[in-house]
Amino acid sequence: MRHTLPIAPQFYVTAPQPCPYLDGRMERKLFTALQGENADKLNDSLSQQGFRRSQNVLYRPSCAECSACLSARIDIAAFKPSRSQRRTANRNTDLKRRATSPWASEEQYELFRSYLDSRHAEGGMADMDVFEFAAMIEETPIRSRVVEYTDKETGALIGVSLTDVLADGLSMVYSFYAPDEQKRSLGTYMILDHIDIAKEAGLPYVYLGYWVPGSQKMGYKSKFSGLEVYVGGSWQKMTDPSAFSADMHPLSTDPIAEQVANIHLPDTRPTR
């Protein structure tokens, strides 16, 4: 019997585009396709190396003269809620959580549009239609869940998180919520709830996407104790957010060939 060896993933770089976090800067991304029977292993391995998933693609910032975007995750064992975060949890005890398979609904899309129009009207997703939204939710080759938060009394959908289940944690791929419920601090609350979900499942981390030093949009992430950021090929504890800076030196980013050479791929060889 003839055995075929699995083909190693190929990595590519996107064309430069305006950076959404740093004015006047251009961003590019290193990416690879997420597909095949070993998609879960590849996603687990690359997530631990600062990559993020978007549908069937794994990507990591790889800007030519900037390394400001740092992948962030919460170490559950080191997390202790602040007084403000405890108040946020108490303000949302009237919400009900429901985790479902990754299927899109009209109600989700209506909430998504309301969120974008209020918070990110000029962002890259501003023109996303219902079919593209469905693709974002449903096109996943790995174990994913849609976590919905509804009002216990009215049943109204208040928040949604598209969440991947990794070998070592939960990855919050994309979250959106009712923009007129500002007093609830829903973005913070959903992270707190995912910490509880991870604890219940015995998973050590909650992955939050990217954190950018000095970015107001990203500032809420640095308020979680137990936060770690991926810097220079390893995860480092964030003890003081001000100790990190948006490194924009021309030599701050390794050449693409070196970046790819230093990526550790999972062992996908057959066991027998």
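**Strand β13 and its surroundings in a predicted model**

Good morning. The protein averages a pLDDT of 88, and 91% of the residues score at least 70; pLDDT is the predictor's confidence in each residue, from 0 to 100. This is a predicted model, in which local features need pLDDT of at least 70 and side-chain atom pairs count only at pLDDT 80 or more, while totals for chains, interfaces and linings use all residues. Residues are numbered from 1 along each chain as its sequence is written, and side-chain values use heavy atoms, with hydrogens and water left out.

Let us turn to strand β13. Helices (H or I, at least four residues) and strands (E, at least two) are DSSP runs, numbered from the N terminus. Strand β13 covers residues 227-231, and 4 of its 5 residues are buried, so the strand is largely enclosed by the rest of the structure. Here, buried means under 20% relative accessible area, exposed over 50%, and partly exposed in between, with a 1.4 Å probe and protein chains only.

Which strands pair with β13? Strand β7 (residues 70-75) runs antiparallel to β13 and is joined to it by 3 bridges; strand β14 (residues 234-237) is also antiparallel to β13, with 4 bridges. Two strands pair if DSSP finds at least two bridges between them. Ile74 has Leu227 of β13 as its bridge partner, and Glu228 is matched with Lys237 of β14. The hairpin of β13 and β14 has 2 residues between the strands, and Gly232 takes a positive phi near 60 degrees there.

Finally, consider a loop residue. Asp180 lies between β11 (169-177) and α5 (186-201). At 65% relative accessibility, Asp180 counts as exposed.
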